[in-house]
Amino acid sequence: MARVINFSAGPAALPVPVLERARDEMTDWHGCGMSVMEVSHRGPEFKAIASKAEDDLRRLLGVPDNYRVLFLQGGATLQFSAIPLNLAAPNALVDYVVTGSWGKKAVAEARRYANTAVVADGAEGNYTGIPDPASWTRREHAAYLHYTPNETIGGVEFHDIPDSPGVPLVADFSSTILSRPLDVSRFGLIYAGAQKNIGPAGLTIVIVDESLLGHARETTPAMLDYSKQADAGSMSNTPPTYAWYIAGLVFEWLLEQGGLEAMGEKNREKAARLYGAIDQSAFYANPVEPAARSWMNVPFTLADPALDSRFLELAGAAGLKNLKGHRSVGGMRASIYNAIPLEHVETLISFMAEFERRHG
Ligand SMILES: *Cc1c(COP(=O)(O)O)cnc(C)c1O
């Protein structure tokens, strides 16, 4: 069967050359006579895979030497707890900016561990934009300020890094990491579940300024303690070896594409084309303020929601899969991560135009 165009929000499409390479190396990795799944995480084969993946990720993002890169499990969701446990004492203040569903979930976990405040909330605008940073009611002595650079469900993205003088910035990059260049030095910590724009589910990347390490509270489970994981090379226990290996193949692929500068240009173009098509149509609509529109997740509605199921049915028959919007917002959502080339976005745009012509 031919491959479909997969607009899933996550787990999401992977680059075909990465899948082909994994296939070719499946039963015998580099002549060792075993698959990556079958080798010890402490053996020479996996050590080589692990350190190359870290080096390539550091190169891609220009990670400064004073940051540690961790390859963990538990998804971005477990980091919602790990972050306050590592960075905030029980009575510490922790500040959150909420621009959608994932930010709300991060706050709900933080409340269990620290004096948590929502210093800005996009609820008033129904999460279609980013509250003006001048209005954020931040606390000067907060242990950190957390935000969600890209809200995967609502399709709301920060296109600039907010200033956070004196307070470490912590950010959930799950659905936008590696989509463009990033100045890691502006952050205390960034984290991302792998299954959107990195690789398979089961792997979570944390990049943390080492000056923030060493303050985990006493009761922090060892597996969630960043210093312990950093000291153990992210191998406090058996890491998700295969997911780590595939992520490494994705990093190599990104470097071959010209790195994040080149990916950023492609992603900007993909998003511009798709939003352009939506905006010039009276049939499709996207509610997000133009300045906050996500490059990665593009939600859109049809003028008549009764046509949604027909749209999905015909799209599926044309090989355009997983366009159904999140149940909380309805409509459609096209996730156009790094593995989706411009041609696939153009195929979607043509399909949308044809659907509008026939049904609009
Ligand atoms: C998908 C997603 C999550 C949840 O990730 P898990 O790895 O499933 O825990 C958290 N935050 C954002 C922004 C996401 O897109």
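## A walk through the predicted model

Let's begin with a helix: select residues 75-87, which is H3, and see how this helix lies across E2, E3, E5, strand E8 (169-172), strand E9 (189-193) and strand E10 (204-209). Relative to E9, helix H3 runs at about 155 degrees. Keep in mind as you go that this is a predicted model.

**The sheet under the helix**

Now colour the strands. In what order do the 7 strands of the open sheet come? Going across, you meet E2-E10-E9-E8-E5-E3-E4, with mixed pairing. The edges are strand E2 (67-72) and strand E4 (115-121), each of which pairs on one side only. Step from one strand to the next and the twist averages 15 degrees.

Next, pick out residues 101-110. That's helix H4, lying across E3, E4, E5 and E8 and running at about 160 degrees to E3.

**Zooming in on two strand pairs**

Select E2 and E10 together: they pair in the antiparallel sense over 6 bridges. Within this pair, look for Phe71, which stands opposite Ile205 in E10. Is E2 largely enclosed or open? 5 of its 6 residues are buried, so strand E2 is largely enclosed by the rest of the structure.

Then move to strand E3 (residues 93-98) and strand E5 (residues 144-147), where the pairing is parallel and spans 3 bridges. Here, Val94 is found opposite Tyr144 in E5.

**Stops in the loops**

Head for the loop between strand E1 (5-6) and helix H1 (16-24), where you'll find Pro11. The peptide bond leading from Gly10 to Pro11 is cis, its omega near -10 degrees.

Go on to His30, in the loop between H1 and helix H2 (44-61). Its phi is near 50 degrees, a positive value in a residue that isn't glycine. With 52% relative accessibility, His30 counts as exposed.

Over in the loop between E4 and E5, select Asn126. This residue isn't a glycine either, yet its phi is positive, at about 55 degrees. Asn126 counts as exposed too, at 59% relative accessibility.

**Charged pairs**

Side chains of opposite charge can pair when their charged atoms come close. How many salt bridges does a search of the whole structure find? The count is 18.

Show the side chains of Glu157 and Arg180, which form one with N to O at 3.0 Å. Glu157 sits in strand E7 (residues 156-157) and Arg180 in the loop between E8 and E9, so this pair ties together parts that are 23 residues apart in sequence. Both Glu157 and Arg180 are buried.

For another view, select helix H9 (residues 342-359), home to Arg357 and Glu354, which are 3 residues apart, about one turn of the helix. Their side chains meet in a salt bridge of 2.9 Å, N to O. Glu354 also has a salt bridge with Arg358, where the closest N and O atoms are 3.4 Å apart. Arg357 is exposed, with a relative accessible area of 61%, and Arg358 counts as exposed at 52%, while Glu354 is partly exposed at 31%.

To see a network of salt bridges, select Arg21, Glu25, Lys52, Asp56 and Glu252, which are linked in this way.

**Zooming out to the domains**

Finally, colour domain 1 (17-256) and domain 2 (259-359) separately. Their C-alpha centres lie 27 Å apart. At the interface, 24 residues of domain 1 are in contact with 25 residues of domain 2. Between them the domains bury about 2,000 Å², 57% of it on carbon and sulfur atoms. Look for salt bridges across this interface and the rule finds 0.

How values were computed. Residues are numbered from 1 along each chain as its sequence is written. This is a predicted model: local features need pLDDT of at least 70, side-chain atom pairs count only at pLDDT 80 or more; totals for chains, interfaces and linings use all residues. Side-chain values use heavy atoms; hydrogens and water are left out. Two strands pair if DSSP finds at least two bridges between them. Helices (H or I, at least four residues) and strands (E, at least two) are DSSP runs, numbered from the N terminus. Axes are lines fitted to C-alpha atoms, for helices over the stretch in contact, and angles run from 0 to 180 degrees between N-to-C directions. Contact means heavy atoms within 4.5 Å. Buried means under 20% relative accessible area, exposed over 50%, partly exposed in between (1.4 Å probe, protein chains only). Domain bounds come from an automatic or database domain assignment. Buried area is the accessible area (1.4 Å probe) that two parts lose on being put together, summed over both. A salt bridge is a side-chain nitrogen of Lys or Arg within 4 Å of a carboxyl oxygen of Asp or Glu.
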